[in-house]
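User: Please take a close look at the pockets of this model and then follow what surrounds them. I am new to this structure, so a connected account would help.

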Amino acid sequence: MGKLIDGKKFADNLCNKIADEVTKLKHKNITPGLAVVRIEGDPASAIYVNMKAKKTKEVGMHSAPKILDKNTSQNDLLKVVEELNNDKSINGILVQLPLPKQINTDSVINAINPDKDVDGFHAINTGRLWTNIDSLVPCTPLGCKMLLLDELKDLTGKKAIIVGRSNIVGKPMASLLISENCTVTIAHSKTENLKDEVKKSDIVIAAVGVPEMIKGSWIKPGATVIDVGINRIENGEKKLVGDVEFSEVKKIAGAITPVPGGVGPMTIACLLHNTLIATCRKNKLEIPKFF
């Protein structure tokens, strides 16, 4: 039976450490500020933004949510982003996705000052990540890396597979694992013999967005499995499941993240981590090391 990797516990510990660093900054008259911009219309986005604002305040940071009308134009949204770029009290800017159809998502993301881009999605931060230049790293992959290092200590020489090739998780996850000296395979829905590819891997990152796609029979005994998926399904009752068939995979894996309570809490903790990093860089202060 695989060990459960407790993402909530790790995230809570990380947030406590961040809060300690924020207290030190306040003694220097510096308060990290995070602005989360949301366009109305997506109930899930409202929940996520409220959770982010709550955690931001809990660690002692300044929270500046910006809630815009569902009919907001792209130009109006870009004006809000530019105002936040120029606001010296704001160190981190996040535009909550998905955006409505009248908005070009890439244009908005790339309008954010890369040094305030705490989601790590700006093309400049993507380039910095892949060329080993200090960058703001996408929160979910960063959280996965932290959990892996906490569990395995050293990833050198491990064979890792990432099932999913999104700009948000799959691609940045590959860069992070390569930097940890893993041999990395990026797989996806079009990969031939996917089961065989997964079976070879010491580390499995499931981020494909298909409920319970990764089966127990696919897993190498003792492998470490990180399930990024969050899928709402109705099977007699509504419930959340990951991209991994948890009940079967946990019998084979050496360690596995549950859904919920695994990767999810790490994403918000890493958002606060990135805001702290951005604040320290702006003020030319030493960057705290948490992992």
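Analyst: The account below starts with the pockets and moves on to an enclosed space, the backbone and the charged pairs.

The model is predicted, so local features are given only at pLDDT of at least 70 and side-chain atom pairs only at pLDDT 80 or more, while totals for chains, interfaces and linings use all residues. Residues are numbered from 1 along each chain as its sequence is written, and side-chain values rest on heavy atoms, with hydrogens and water left out.

The largest pocket (an open set of points on a 1 Å grid over the protein atoms alone, with protein on both sides within 12 Å along at least five of seven lines) holds about 1400 Å³ of space, a volume being the space filled by probe spheres set on the points, which are joined across faces, edges and corners. Its lining (residues with an atom within 4 Å of a point) counts 48 residues, and those nearest the centre are Tyr48, Thr140, Ile230, Gly264 and Thr267. By class, 27 of the lining residues are nonpolar, 10 polar and 11 charged, where Ala, Val, Leu, Ile, Met, Phe, Trp, Tyr, Cys and Pro count as nonpolar, Asp, Glu, Lys and Arg as charged, and the others, Gly among them, as polar.

Several elements share in this lining: α1 (7-26), α2, β5, α6 (139-152) and α10 each supply at least two residues (helices are DSSP runs of H or I with at least four residues, strands runs of E with at least two, numbered from the N terminus). Helix α2 gives the most, with 8 residues. Tyr48, one of the residues nearest the centre of the largest pocket, is found in helix α2, which covers residues 43-58. With 34% relative accessibility, Tyr48 counts as partly exposed (buried is under 20% relative accessible area, exposed over 50%, and partly exposed in between, for a 1.4 Å probe and protein chains only).

The second largest pocket has a volume of about 550 Å³ and is lined by 22 residues, with Asp134, Ser135, Val137, Arg281 and Phe291 nearest its centre. Two or more of its lining residues come from each of α5 (123-130), α6, α7 and α10, and α10 gives the most, with 4 residues. The class count for the second largest pocket is 11 nonpolar, 5 polar and 6 charged residues.

There is also an enclosed space to consider. A cavity is a set of grid points where a 1.4 Å probe fits but cannot get out, and 1 cavity of 30 Å³ or more is counted. The largest cavity has a volume of about 40 Å³, and the residues that line it are Ile93, Leu94, Val95, Leu97, Ile109, Ile112, Asp117, Asp119 and Phe121. Strand β5 (residues 92-95) provides the largest share of this lining, 3 residues, and the lining as a whole has 7 nonpolar, no polar and 2 charged residues.

Leu97, one of the residues lining the largest cavity, also leads to a feature of the backbone. Most residues other than glycine have a negative phi, and most peptide bonds are trans. The peptide bond from Leu97 to Pro98, however, is cis, with omega near 0 degrees, and Pro98 is found in the loop between β5 and α4 (105-109). A cis bond also runs from Val259 to Pro260, and Pro260 lies in the loop between β12 (255-256) and α10 (263-282). Asn181, although not a glycine, has a positive phi of about 70 degrees; this residue sits in the loop between α7 (170-179) and β7 (183-187).

Charged pairs complete the picture. Over the whole structure, a search finds 10 salt bridges (a side-chain nitrogen of Lys or Arg within 4 Å of a carboxyl oxygen of Asp or Glu). In one of them the side chains of Asp12 and Lys8 meet at 3.0 Å, N to O; being 4 residues apart in helix α1, Asp12 and Lys8 are separated by about one helical turn. Lys8 and Asp12 also belong to a network of salt bridges with Lys55 and Glu58. Elsewhere, Lys220 forms a salt bridge with Asp202, with 2.6 Å between the closest N and O atoms. Because Lys220 lies in the loop between β8 and β9 and Asp202 in the loop between α8 and β8, the pair ties together parts that are 18 residues apart in sequence. Lys220 is partly exposed at 30% relative accessibility, and Asp202 is partly exposed as well, with a relative accessible area of 22%.
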